[in-house]
Amino acid sequence: MHPLYKIKDLTIDLPVWGDRKTAVTDINFELYPDEILCIVGESGSGKSVLARALMGLFPSKHVCASKGEILLDGEDVLSMSADKLRTIRGNKVAMIFQEPMTALNPLLTIGKQIVEVIEVHRPEMQKQAFQKAIQILSDVHLPNPEQIFHAYPHQLSGGQRQRAMIAMALILEPQCLIADEPTTALDVTTQAQILKLIKELQNKHHTAIVFITHDFGVVAEIADRIAVMESGKLVEINYAKNLLTSPQHPYTKKLLGAVPSILPAKSRALSSSSQIVLDVRNLSKVFNTRHGIFKGVTREVRALSQISFELKEGETLGVVGESGSGKSTLAKCIARLVDADDGKIFILGEDFLQAKGESLRKFRRNVQLVFQDPYSSLDPRQKIGSIITEGPILHGENREVAIQRMFELLQIVGLDKKSADRLPHEFSGGQRQRIGIARALALRPRLLIADEAVSALDVSVQAQVLGLLKDIRDEFKLTLLFITHDLRVAAQICDSVMVMSKGEIMEYGATKTIFESPQHPYTQQLLGAIPGRAYWLEHQLVTQ
Amino acid sequence: MVVSRLQYIRRRLLLAVPIIFFIIALNFLLIQIAPGDAADVLAGEAGSATPEYMDQLRRKFGLDQPIYVQLLTYVSNVATFDLGFSFRHNKPVSELILSRLGPTLLLMVPVLLISVSMGILLGAIAARYLNRWQDKTISTVVVLTYATPVFWAGLMLIVLFSVKLGWFPTSGMEKIAAFHTGLARIIDIAHHMVLPVITLTLFYIALYTRLMRASVIEQNTMDYVTTARSKGLGEKRVLWGHILRNACLPVLTMAGIQAGALLGGAVVVETVFSWPGLGLLAYESLFARDLNLLLGIFFISACLVVLVNLAVDLLYASLDPRIELK
Amino acid sequence: MRDIFRRFARNIPAVFGLVILVLVMGAAFFAPTIYPQGPFEMVGRPFLEPLTDYLLGTDQLGRDLGVGLLYGARVTLQIGLISTLIAIFLGLTIGGTAGYFGGWIDTLLMRITEIFQTIPFFLFAILLVAILKPTLGSVIFAIAVVSWPPMARLVRSEFLSIRNREFVQACIVMGMGHWQIIFKHVLPNTLSPIIVTGSLMVATAILIESGLSFLGLTDPNVMSWGFIIGSGRSVLRTAWWVCAMPGIAILLTVMAINLVGEGLNDALNPRLKNI
């Protein structure tokens with residue numbers, strides 16, 4: 001069978017000021033018709049640059065191929081004229097992107113953006129353009145295609161926008177679809193639906209698909225073949241079944257090993273007579289968003305409705321939910337970053353919501369947070385040492401003592417002593433999270449809240465930081481409230497799990513119970529939506 | 001929730017009420033700060049009013065009343081467009097201002113339209129040919145024009161085109177002695193308009209060109225532009241069909257904000273060219289120390305700005321569907 | 001820090017602007033040393049053309065135009081800098097409070113800012129100087145009062161966005177007080193846009209001042225560049241250089257400030273220019 005794409009010895013250079021010389025080096029592989037090839041890699045692997053290069057799209061004139069060929073049906077994309085490239089884009093090869101909100105022009109209707117493809121490539125079909133658009137919109141299972149046609153991107157949900165993008169890409173039935181992390185920005189249930197849709201359409205139109213992702217679960221769900229990339233090199237490529245069950249390259253093994261298993265970790269023995277550290281009763285929060293150019297329209301959002309639960313000393317509770325579930329609001333209310341409207345929060349027996357002024361300030365040290373975004377959780381102008389000692393010094397600790405403790409903490413989180421004199425931008429994402437953990441621990445909090453603390457990290461780094469949290473938790477007997485959207489991650493570290501949706505608690509129980517016999521339909525839905533779950537369970541891939 | 005255009009206009013005009021009120025109160029404050037008795041100020045030029053009129057004024061504005069009553073009286077007067085009387089021109093101030101409003105608008109409207117449209121065009125061209133000669137030329141001219149004081153530009157244009165070359169008249173709106181009517185009059189006025197309009201437009205073209213250029217460059221990095229290219233759209237279509245509309249929005253916003261500045265520019269340009277509009281009237285009232293007239297002009301200008309802002313907002317809302325207004 | 005200097009130095013227009021500014025500031029500083037007699041001194045016959053006895057000619061009262069320009073630099077820069085500093089202070093306070101505390105404080109302060117932005121600022125400046133009688137002080141005051149709104153807007157949006165960053169949230173959770181957060185964490189991170197906008201504001205202040213003095217609203221005891229242009233207006237046809245020279249001086253200075261300001265912007269926020 002003839003390959004649709006044949007990539008030979010491809011090397012793409014980065015500009016002189018980049019952090020390395022090449023985006024990708026000596027890439028060789030083929031793409032055959034009617035197959036789904038997943039390209040997996042972490043950030044910086046070069047997978048996105050490669051994906052775009054397949055269409056001759058380069059982010060700037062400084063990023064260009066210095067060596068090799070990209071043969072599309074025998075013709076080299078890299079030496080095609082601009083006009084020739086235009087004829088194949090959207091026509092023979094189409095692409096969908098990660099963020100559907102920014103990938104669509106906010107000022108044009110969905111219909112106009114879809115019909116545009118026909119106008120440019122098949123002007124003779126213009127009369128039927130509307131019909132074809134409606135047809136493809138219903139093929140992607142969008143309700144009321146006519147309404148969607150006349151709608152603007154901001155009026156659709158994330159999942160709907162992605163479906164619209166897929167419609168736009170497939171309307172001219174291209175031979176190849178390049179999908180650059182199309183489900184990464186979506187909720188897990190929406191992701192499951194989109195993956196199903198892609199599989200369905202692939203079956204129907206026999207399109208070859210290049211699917212870029214960092215999530216091995218997604219890979220297990222849809223891949224026919226898998227290519228693994230590391231720092232610009234293609235380290236392994238094989239049929240899905242083979243690669244997942246017997247990976248060859250050490251990097252592939254490392255990546256697979258880092259994927260959080262959906263089998264919960266062994267449950268720990270917890271002392272039953274522990275003190276109750278956190279006691280939340282009937283917590284409620286309503287957000288009134290006023291919008292519109294006149295700010296006269298008020299929309300009420302129930303972020304939290306009557307949330308009640310307890311956390312014992314040394315326990316780790318996972319709060320799991322999709323976007324809009326209220327889990328972040330819960331964390332913020334407990335930390336008093338946001339004021340709850342109703343309900344009570346007792347920390348170590350004290351009514352936290354009643355504390356004011358000086359006593360509030362003193363009490364705050366008992367509740368500390370580890371934040372999500374490593375690139376905004378540290379003051380870019382502050383040295384690491386200062387970041388970690390700031391809290392203790394603020395609370396009256398002796399400066400010398402604080403500095404000593406800071407060095408201890410750096411060691412505990414696995415960073416060099418010299419880090420204290422450096423600035424945040426000198427560290428990687430994973431290292432910054434470690435610094436954030438050290439900062440939180442400096443105040444010796446009784447309750448540590450990790451608000452999606454590993455969600456923004458690459459999977460291998462994620463595994464390391466998660467491991468670090470577990471070690472620290474075990475050694476210092478910390479009480480941990482672990483917020484996440486990823487059930488797999490929760491399974492690794494939490495003793496019990498609380499599933500939230502639309503501001504309410506759907507289910508609460510021991511991790512093992514939740515995973516093995518979920519009661520609530522929503523929990524079952526969440527578990528079922530975990531990508532690659534069936535594959536993982538079937539092949540008993542125990543990754544820890 | 002969608003709001004009809006009429007409802008929106010009504011709501012916005014209501015929103016404007018506190019602004020107008022504040023401006024009137026500001027005027028009142030300024031009157032109090034000014035040297036002399038408030039009646040002196042309100043009568044206009046010192047000494048030119050008859051004693052009877054001064055007494056009338058004092059009673060009307062209740063100058064023996066507590067200050068907040070004075071404020072209320074003043075507000076109700078101004079709000080009903082009773083802005084006083086000008087002895088010098090022998091007309092009520094509001095009538096005087098109205099008669100001079102036309103010539104000013106005759107300058108302002110072309111300036112606004114030309115500067116915005118030329119700014120968008122030049123900015124798009126500069127961005128399209130980034131760092132090439134088109135961009136470098138446009139950017140250099142922009143840098144120079146942006147730094148040129150408006151009045152100096154006007155004076156230099158007069159020196160070159162009126163005095164040395166004799167192509168355009170040096171001042172005024174029309175050749176009054178010629179008694180033109182109909183089309184001949186329109187042409188005459190247009191002839192007189194050229195230099196003042198160019199003078200004021202120069203600065204604003206520079207401003208909008210810079211803004212548009214930066215805006216287009218920024219839009220070029222947006223994801224939807226990559227999507228457009230991935231669909232096989234040519235550069236021209238990407239620019240005109242996608243980027244332009246998005247890039248215009250900040251320029252439009254700026255044009256609304258600059259409405260007030262435009263009226264200030266009118267003062268200078270009309271003074272340089274002796275153009276009989278509100279700006280020249282303001283200058284004359286300065287000379288004649290007629291604070292009351294000046295305050296009246298200030299008030300009307302502010303009202304104009306509010307209206308212009310409303311128009312710009314409506315235009316913006318019709319271009320950007322994310323703003324909820326149907 | 002060194003990177004910032006290097007990036008700036010590579011920007012030719014910015015360096016060019018800096019050179020001009022240094023010259024202007026030098027003129028301002030050394031004027032009394034070189035010509036201690038002052039600019040109002042009548043030194044020769046009126047209406048002498050440039051490049052005859054005097055480098056830039058004389059005006060209608062026989063004053064040396066060149067000396068006038070040197071002293072004018074002093075006054076113009078003084079007015080520009082002081083009024084801008086006041087405006088920055090006002091903008092920082094109002095915008096910062098609005099952006100940091102949010103809520104009704106934000107709404108109230110922003111409405112006030114909006115109102116000030118609606119007022120035609122040049123007319124307002126004219127009014128203020130006319131009422132307070134034209135002196136150096138009233139001119140500086142008037143310019144400051146009409147210039148602060150854009151700075152307030154900028155500071156507000158910067159403070160608002162930094163306020164929501166996670167490292168500020170970490171400070172709150174730590175128990176840090178508002179003032180410490182603002183001065184230690186928020187303000188230092190908003191410095192670069194403030195510096196850039198502030199420098200550009202000096203240029204605007206100079207333009208406003210020249211406009212005001214052209215209309216006659218200037219302290220009669222100080223000779224600014226606008227003053228010279230205003231006084232030369234009546235002799236435009238015959239002694240055009242009285243108007244032209246100071247105008248060129250203003251143009252060059254304002255242009256230089258703009259170039260330096262933009263150079264600062266590019267140096268402080270490096271972006272890939274060639275994408």
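In this predicted model, the contact between chains B and C takes 39 residues from chain B and 31 residues from chain C. On the side of chain B that touches chain C, six helices each supply at least two residues: α1 (5-33), α6 (133-147), α7 (150-164), α11 (259-273), α12 (278-287) and α13 (291-319) of chain B. Of these, α13(B) gives the largest share, eight residues. Sorted by class, this side of chain B consists of 32 nonpolar and seven polar residues, with no charged residues.

Chain C also meets chain A. Here 16 residues of chain C are in contact with 24 residues of chain A. Two or more residues of the chain C side come from each of α7 (166-174) and α8 (178-214) of chain C. The largest share, seven residues, belongs to α7(C). The side of chain C that touches chain A contains nine nonpolar, five polar and two charged residues.

Within chain A, six strands form an open sheet with mixed pairing, and their order is β16-β17-β18-β13-β19-β20. The edges are occupied by β16 (367-370) and β20 (504-510) of chain A; each has a single partner strand, so one side of each is left without a neighbour in the sheet. On average, neighbouring strands of the sheet are turned by 20° against each other, direction ignored. Helix α20 (residues 521-529) of chain A packs on this sheet, where it touches β19 (496-501) and β20 of chain A. The direction of α20 makes about 100° with that of β19(A).

At the β16(A) edge, the pairing can be followed to single residues. Strand β16(A) runs parallel to β17 (residues 447-451) of chain A, and four bridges join the two. In β17(A), A:I449 is the bridge partner of A:L369.

The largest nonpolar core has 339 residues. The members that touch the most other members are A:V210, A:L481, C:A125 and C:I126. For C:I126, contacts were listed without residues up to four places away in sequence. On chain C, C:I126 touches C:L212, C:L215 and C:L217. On chain B, C:I126 touches B:V267, B:A282 and B:L286. Of these chain B residues, B:V267 falls within the range of α11 (259-273), while B:A282 and B:L286 fall within that of α12 (278-287). Both helices are among those that supply at least two residues to the side of chain B that touches chain C.

Key. Residues numbered from 1 in each chain as written. Chains lettered and ligands numbered in written order. Predicted model: local features only at pLDDT ≥ 70, side-chain atom pairs only at ≥ 80, totals over all residues. Contact = placed C-beta atoms within 7 Å. Nonpolar A, V, L, I, M, F, W, Y, C, P; charged D, E, K, R; others polar. Pairing = 2+ DSSP bridges. Axes fitted to C-alpha atoms, helices over the stretch in contact; angles between N-to-C directions. Core = buried A, V, L, I, M, F, W, Y, C linked by C-beta atoms within 7 Å. Buried ≥ 20, exposed ≤ 12 C-beta atoms within 10 Å, placed from the backbone.
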